[in-house]
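Me: Please take me through this model in short questions and answers. Start with strands, then turn to charges and cysteines.

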Amino acid sequence: DGEIEVPPGASLAIEPGVEVRFRGHYALTVRGALFAIGAPGDTILFHAQNPATGWHSLRFLDTATSGQPVSEVRYCRIQDGLATGSCPDNSGGGIYLYHATAVIADCLITGNRAIYGQATWGGGGIYCDFSSAVTIERNTIVGNVTDHDGGGIYCSWSAPIIRENLLCANSAIRGAGIACFLWSAADIRA
């Protein structure tokens, strides 16, 4: 029913099978650590009560620069995210990482959008900004949309490890699957 923030020095653990349903366009902002660890066949679901309104994504902010533990998002389904407004609020429809450390693994990231506003930078599914201590692996990233770059994943000033992901049916002006710009050096492997 409102914005959720995990402050620096705190952590939030979400158990397998939990459904996190946002009743409005709210974010789950992580400045400490998030451990959303589902299990095969018992995922954690992040979604909006009203998909048209969406929710404002998982937003990891300054966790690397403040020395927080590495957050883990595993076996989750992240859908209906909507990043909109002015920059950086319009980046990272499903997940936004800024100076962050995180592992995003074995998730389904689908039906998220990063749209509207001036200086839209994209990342319909995931946006990495100044985040090199990030691993994105074994995810299915499908059906995400941006009106700029990086329908599935967008990297800016980042060097994440991106491996063994399935990216398909994402939409963007450039880089429907993955777009790496502005001195990014992503380690991308099949």
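Me: How many of the five residues of strand β16 (residues 133–137) are buried?
Reply: This is a predicted model, where local features need pLDDT of at least 70, side-chain atom pairs count only at pLDDT 80 or more, and totals for chains, interfaces and linings use all residues. Residues are numbered from 1 along each chain as its sequence is written, and side-chain values use heavy atoms, with hydrogens and water left out. Strands (E, at least two residues) are DSSP runs, numbered from the N terminus, and buried means under 20% relative accessible area, exposed over 50%, partly exposed in between (1.4 Å probe, protein chains only). Strand β16 is mostly covered, and its buried residues number four.

Me: Which residue in β16 is the bridge partner of Val103?
Reply: Two strands pair if DSSP finds at least two bridges between them. Strand β12 (residues 101–105) pairs with β16 in the parallel sense, over five bridges. The partner of Val103 in β16 is Thr135.

Me: Which residue of β20 stands opposite Ile136?
Reply: β16 and strand β20 (residues 161–163) run parallel, joined by three bridges. Opposite Ile136, in β20, stands Ile162.

Me: Which residue in β12 does Glu72 stand opposite?
Reply: Strand β8 (residues 71–74) and β12 are paired in the parallel sense, over four bridges. Across from Glu72, the β12 residue is Val103.

Me: What are the edge strands of the open sheet of seven strands?
Reply: The strand order is β2-β5-β8-β12-β16-β20-β23, with parallel pairing. An edge strand here pairs on one side only. That gives β2 (11–14) and β23 (187–189).

Me: What does the twist average from one strand to the next in this sheet?
Reply: Axes are lines fitted to C-alpha atoms, for helices over the stretch in contact, and angles run from 0 to 180 degrees between N-to-C directions. From each strand to the next, the average is 10 degrees.

Me: Along β3, which residues point to one face and are buried?
Reply: In a regular strand the side chains alternate between the two faces of the sheet. β3 alternates too: Glu19 and Arg21 point to the other face and are not buried. The buried pair is Val20 and Phe22.

Me: In β6, which residue is the bridge partner of Glu19?
Reply: β3 and strand β6 (residues 44–48) run parallel, with four bridges joining them. The β6 partner of Glu19 is Leu45.

Me: Which side chain meets that of Glu19 in a salt bridge?
Reply: A salt bridge is a side-chain nitrogen of Lys or Arg within 4 Å of a carboxyl oxygen of Asp or Glu. Glu19 is partly exposed, with a relative accessible area of 42%. Its partner is also at 42% and counts as partly exposed. At 3.1 Å, N to O, that partner is Arg21.

Me: How many residues apart in sequence are the parts that Arg23 and Asp1 tie together?
Reply: Their side chains meet in a salt bridge (3.5 Å, N to O). Arg23 is exposed, and Asp1 is too. Arg23 lies in the loop between β3 (19–22) and β4 (28–30), Asp1 in the segment before β1 (4–6), so the separation is 22 residues.

Me: Which residues do shared salt-bridge partners join into one network with Arg138?
Reply: Arg138 meets Glu137 in a salt bridge of 3.6 Å, N to O. Arg138 is partly exposed at 36%, while Glu137 counts as buried at 9%. Joined with Arg138 are Asp106, Glu137 and Arg163.

Me: How far from Arg59 is the nearest side chain of opposite charge?
Reply: Lys and Arg count as positive and Asp and Glu as negative; His and the chain ends are not counted. Arg59 is in strand β7 (residues 58–61). Arg59 is buried but has no salt bridge. The nearest opposite charge is Asp89, at 4.3 Å.

Me: How many disulfides are there?
Reply: A disulfide is a pair of cysteine sulfur atoms within 2.5 Å. The sulfur of Cys107 is 4.6 Å from its closest cysteine sulfur, in Cys76, too far for a bond. Cys168 is in no disulfide either, with the sulfur of Cys107 nearest at 16 Å. The count is zero.
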